[in-house]
Amino acid sequence: MTQPLLEIKNLTMRFGGLVAVERLDLTVNAGEIVGLIGPNGAGKTTVFNCISRFYNPERGTIHFQGRDITRVPSHEIIRLGIARTFQNVELCRSMTVLQNLLLGQHVRMRSGVIRDGLRLSETTRSEREAIQRAMDIIELLDLMPYRHYPAAVLPFGLQKMVELGRALVSQPLLLLLDEPAAGANAHETRRLADLIRDIREQFHLSILLVEHDMTFVMGLCQRLYVLDFGRKIAEGTPEEIQNHPAVIEAYLGESAVAL
Amino acid sequence: MTTWWRWCTLSNVVTLLGLGVVCLVPTILGLFPGIPLGYVLYLVSLGLIYAIVALGLNLLFGYAGQFSLGHAGFFAIGAYTSAILTTRADLPFILALPGAGLLTAAIGFLLGLPALRLTGLYLAIATLGFGLSIPQLILWLREWTGGSMGLHKLPFASIPLGPFPAIVFRTDQEYYYLALGVLIVMTFLARNIVNSDTGRAFIAIRDSEIAARAMGVNLVRYKTTAFAVSAFYAGIAGSLYAHLLHGISPEDFTVFLSIDFVTMVVLGGLASVSGALYGAFMLTLLQNLLTRLPIVSEFKNLYIVVLGLILILTVSFFPHGIAGAVQEARQRIERRIEKMLVGL
């Protein structure tokens, strides 16, 4: 049996007395698109924040490519090949779209204040290559007309796109997408699903995503995990999840089951 | 293929012309017999030296978003290091200058460590404490620093040229060229830094620490780097200051000077290399020349009120500082030229 790309075991995270995630097991295999769903406050984003090491989980382990990353510093995560986006967008607002995508390549660039201050020819070359890679992604995501705009002036949907680009340009193995379809209408959501599928093919990625939009998730993901109050209440293929009584209960309340 | 004429962009040509003009400043001023040339050149040199501090503070505050009210402390460390190295250790100026920069950078790095856990006002208080304590430390280390008397009779700055006679900067005019040369080098370095991967890491820390961490920016490394680089600038400037005045004492480095440095950066324009230069010049010249205006000179300390008024008006009308106003004006002129060309 091949080793999963990402393997979370027995993850528990509490804030004060509040249980955000409890004893969660989750795996993502190479090439998979896996969805993490659940009602508001179910602990989905907390899982992301544990993987990207913004939170220190109270218990449990996270392995990536067989390596224990449970205690790796947060800025090392992207170097290992895990890039993420944020639910409410965390772009560098004063930087242009292009600069944000150059920042996405920070770990791939050999920088140093003296090297950069003297602008050695090596620095110029790596900068030029980085701009080329950024432009390729900008082209792919249809962001060409906005490349010199500061991120702050773009509408939310485009900012989400820039964030996706910034994650992609770091050439990750695993992409964590936190509500990529937030704020998008039905048409845009369909296009986004196509885009995510294309990206996975083209960059040989694995994707773990958090999302509220059920149609989006059901159409896109191969496997789903359902969280409610920090606990995993179901996992399986979209078909299995759709008919799972615990899921229906969590989403629609007990009355729905009685019907 | 790079060919030389591709370098001849409008902005490069303008920069070159500007450089030519500043090199001729002493000559131009000399044409007006009414101007006390020595004094004015001394003031301009002071402006150039403060501009170096402002450049460094802007890297730390304007770009990396880390506030400092302690830059007079770094400036003092640079000045005293250079003074001690040249008078007590008899090192030549050409070694004392980088020595002052490097030692100050090391201290900036150390100050950056506690600053890692502090932001905003708390960082301001911590750096203020640093700035306050340096003059006191200088008083205590009397054997080295001369205590409240300070250090005096510093040697002339000079650059040895191997077999040729060394260049010695004796007059105010000569010193002006030294300060100008160092400022040009420091401006070049600052411009390269802000347009590089390091500069982006700085801005990322300012804009969103979460985004910076997620993109692999090591906050410890880049915050301490920002402090060290900024302190390096202040240290180099401190060394030039000591040799401009040929003598220094602890009261040259009060908290008011730290506040002046912050004012220069904000006045000139945050996160703008040219802004640091404008701000440093404007404040230095205003502080020293306002007292000579006809009416202002008749009332004691009226110049401070006038200065305050000018500062309030500047920041209210130009929220992006002088650099922002200059850029706007430039764009307006460029548009007008474009229109004229279309009309032809």
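Here is a walk through this predicted model, starting with chain A and ending where chain B meets it.

Let's begin with how chain A is divided up. The domain assignment splits chain A into domain 1, built from residues 1–81 plus 172–259, and domain 2, covering 94–169. Between the centres of these two domains, taken over C-alpha atoms, there are 27 Å. Their contact draws on 10 residues from domain 1 of chain A and 7 residues from domain 2 of chain A. On the domain 1 side, the elements giving two or more residues are helix H2 (77–80) and helix H7 (186–203) of chain A. H7(A) gives the most to that side, with 3 residues. Sorted by class, the side of domain 1 of chain A that touches domain 2 has 7 nonpolar, 1 polar and 2 charged residues.

Now for the sheets of chain A. One is an open sheet of 4 strands, in the order S2-S1-S4-S5, and its pairing is antiparallel. Strand S2 (18–28) and strand S5 (67–68) of chain A sit at the edges, each pairing on one side only. Further in, strand S1 (residues 6–15) and strand S4 (residues 59–64) of chain A run antiparallel and are joined by 5 bridges. If you want a spot to look at in that pairing, Ile8(A) has Ile62(A) in S4(A) as its bridge partner.

Ile8(A) also turns up when you look at Asp25(A). Asp25(A) is found in strand S2 of chain A, and its contacts, leaving aside residues up to four places away in sequence, are Ile8(A), Lys9(A) and Asn10(A). The C-alpha atoms of Asp25(A) and Leu11(A) are separated by 6.7 Å, although these residues are 14 apart along the chain. Is Asp25(A) buried or exposed? The answer is in between: a residue needs 20 or more neighbours to be buried and 12 or fewer to be exposed, so Asp25(A), with 13 C-beta neighbours inside 10 Å, counts as partly exposed.

The other sheet to trace in chain A is also open, with 6 strands in the order S6-S7-S8-S3-S9-S10 and mixed pairing. Its edge strands are strand S6 (82–84) and strand S10 (231–236) of chain A, each with pairing on one side only. From one strand to the next, the twist averages 15 degrees.

Strand S3 is a good place to pause. Strand S3 (residues 33–37) of chain A pairs in the parallel sense with strand S8 (residues 206–210) of chain A, over 4 bridges. In S8(A), Ile207(A) is the bridge partner of Ile33(A), and Leu208(A) is the bridge partner of Val34(A). S3(A) also runs parallel to S9(A), to which 4 bridges join it; there, Ile37(A) has Val226(A) as its bridge partner. S3(A) is mostly covered, with 5 of its 5 residues buried. Ile33(A), Gly35(A) and Ile37(A) point one way from the strand while Val34(A) and Leu36(A) point the other way, and all are buried.

One helix links our view of both sheets. Helix H1 (residues 44–51) of chain A lies across S1, S2 and S4 of chain A, running at about 65 degrees to S2(A). H1(A) also lies across S3, S6, strand S7 (174–178), S8 and strand S9 (223–228) of chain A, at about 145 degrees to S7(A).

On to chain B. Here strand S1 (residues 157–161) and strand S2 (residues 164–169) of chain B run antiparallel, joined by 4 bridges. One bridge pairing to find is Ser158(B), whose partner in S2(B) is Val168(B). S1(B) and S2(B) form a hairpin with 2 residues between them, and Gly162(B) in the turn has a positive phi of about 60 degrees.

Helix H11(B) is worth a quick length check. At 1.5 Å a residue, its 27 residues should span 39 Å, and the end C-alpha atoms are 39 Å apart, which agrees. H11(B) is mostly covered, with 22 of its 27 residues buried. Just after H11(B), His246(B) takes a positive phi of about 60 degrees.

Finally, the two chains meet. The contact involves 22 residues of chain B and 26 residues of chain A. On the chain B side, the elements giving two or more residues are helix H8 (172–194), helix H9 (197–207), helix H10 (209–214) and helix H11 (219–245) of chain B. Which of them gives the most? That is H9(B), with 7 residues. By class, the chain B side divides into 11 nonpolar, 7 polar and 4 charged residues.

Note on methods: Residues numbered from 1 in each chain as written. Chains lettered and ligands numbered in written order. Predicted model: local features only at pLDDT ≥ 70, side-chain atom pairs only at ≥ 80, totals over all residues. Contact = placed C-beta atoms within 7 Å. Nonpolar A, V, L, I, M, F, W, Y, C, P; charged D, E, K, R; others polar. Domains from an automatic or database assignment. Pairing = 2+ DSSP bridges. Axes fitted to C-alpha atoms, helices over the stretch in contact; angles between N-to-C directions. Expected span 1.5 Å × (residues − 1).
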